[in-house]
Amino acid sequence: MGLGFTIGFIGVLILFHAAYSTIQYRTLLKITEEEFSGSPLIVVIELTLGLLLCTWAALNVPGKFLCILPDSDENRIVSLPGNLDFMIFNHRGKIFPVEMNERLRH
């Protein structure tokens, strides 16, 4: 995990440096009164490298992917209660007054 975390941290630093370089480049263009047509090639390369490093770290730091077996004993069994009359849901309908709900039922 240490190597993956370090590579991810380096990737984030590269992305921050690319952002700083782009801001610095745009400031230089404002001073020289030129139009911004896009980032320099070195910044695009930095962005690509930083993205690749961060993606690699995001896929490797959390751990290995495990298979999901449908017949495994570790699967959680989710069941609903037998009596569905007392199920309570949070929804936007509770903002309406009770009288309006009673009128809708009749």
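Visitor: What percentage of the contacts in the protein with a separation of 6 or more is accounted for by residues 24 or more positions apart?

Guide: The model is predicted: local features need pLDDT of at least 70, side-chain atom pairs count only at pLDDT 80 or more, and totals for chains, interfaces and linings use all residues. Residues are numbered from 1 along each chain as its sequence is written, and side-chain values use heavy atoms, without hydrogens and water. A contact means heavy atoms within 4.5 Å. Among contacts with a separation of 6 or more, residues 24 or more positions apart account for 67%.

Visitor: In which order do the elements of the protein run from the N terminus on?

Guide: Helices (H or I, at least four residues) and strands (E, at least two) are DSSP runs, numbered from the N terminus. The protein has three helices and zero strands. The order of its elements is α-α-α.

Visitor: Why do the buried residues of H2 lie on the same side?

Guide: Buried means under 20% relative accessible area, exposed over 50%, and partly exposed in between (1.4 Å probe, protein chains only). In H2, the buried residues are Val43, Glu46, Gly50, Cys54 and Ala57. They share one side of H2 because their arc around the axis, taken from the directions from the helix axis to the C-beta atoms, is only 60°.

Visitor: Which exposed residues does the face of H2 turned away from its buried side carry?

Guide: Helix H1 (2-32) is included in what covers the buried residues of H2. The face turned away from that buried side carries the exposed residues Leu41, Leu51 and Leu52.
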